[in-house]
Amino acid sequence: MQQLAERVYTLIGSIPHGKVASYGQIAALAGYPNHARKVGQLLRQLPDGSTLPWHRVVNSQRRISFPEESQKFAEQKQKLEAEGVTFSARNLIPSQYLWN
DNA sequence: ATGATGACCGCGG
DNA sequence: TCCGCGGCCATCA
């Protein structure tokens with residue numbers, strides 16, 4: 001479990017500027033498939049001033065996993081747009097940027 | 001031990 | 001696109 005945490009942080013930190021990865025991808029790359037929820041839990045515990053690019057992590061539908069009206073949603077979207085990530089008309093789907 | 005709760009995932013309808 | 005459902009799994013009451 002401790003392993004998962006370390007790897008997850010490393011992987012997230014390695015996501016290129018302007019690109020995004022999904023919770024599931026991070027978990028799988030860390031060697032723990034089916035642990036997407038755990039990744040979310042780890043990010044949720046992150047301190048506010050964290051330098052980790054948590055905003056580059058979205059769900060498998062390429063959508064921000066926060067309710068649209070929430071402050072966190074706005075924050076994540078803003079950070080992504082600042083990196084040049086574009087969203088669809090409904091502001092939910094980062095169009096072309098997805099990690100492989 | 002049991003049930004509820006997530007920054008999740010995929011498949012249907 | 002928008003739900004609902006089952007699957008998944010650690011955490012906590």
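**Group meeting: helix H1 and the surface near DNA strand B**

Hi everyone, let's start with helix H1, where Gln-2 and Thr-10 are exposed on one side, opposite the buried residues. Please keep in mind that this is a predicted model.

So which residues of H1 are buried? They are Leu-4, Ala-5, Val-8, Leu-11 and Ile-12. They sit on the same side of H1 because they cover an arc of only 135° around the axis. What covers these buried residues includes H2, H3 and strand E2, residues 57-58. As for the helix itself, H1 runs over residues 2-13, 12 residues in total, and spans 17 Å from its first C-alpha to its last, close to the 16 Å expected at 1.5 Å a residue.

Now to the DNA. Around DNA strand B there are 13 residues, and the closest are Tyr-23, Arg-37, Arg-44, Ser-60 and Ser-65. By type, the residues of this surface are 5 nonpolar, 6 polar and 2 charged. H2 (23-29) and H3 (36-45) each supply at least two residues of that surface, and H3 gives the largest share, with 5 residues.

What does the protein meet on the DNA side? Among the atoms of DNA strand B within 4 Å of the protein, 46% belong to sugar or phosphate and the rest to bases. On the base side, Tyr-23 places a polar side-chain atom 2.8 Å from a base nitrogen of DNA strand B. At the phosphates, Ser-60 uses its backbone, with a polar atom 2.7 Å from a phosphate oxygen, while Ser-65 has a side-chain N or O atom 2.7 Å from a phosphate oxygen.

Thanks for listening, everyone!

Methods. Residues numbered from 1 in each chain as written. Chains lettered and ligands numbered in written order. Predicted model: local features only at pLDDT ≥ 70, side-chain atom pairs only at ≥ 80, totals over all residues. Heavy atoms only, no water. Near = heavy atom within 4 Å. Polar contact = N/O pair within 3.5 Å; in protein donor to acceptor, adjacent residues only side chain to side chain. Helix = DSSP H or I, 4+ residues; strand = E, 2+ residues; numbered from the N terminus. Nonpolar A, V, L, I, M, F, W, Y, C, P; charged D, E, K, R; others polar. Expected span 1.5 Å × (residues − 1). Buried < 20%, exposed > 50% of the residue type's maximum accessible area, 1.4 Å probe, protein only. Arc of directions from axis to C-beta. Contact = heavy atoms within 4.5 Å.
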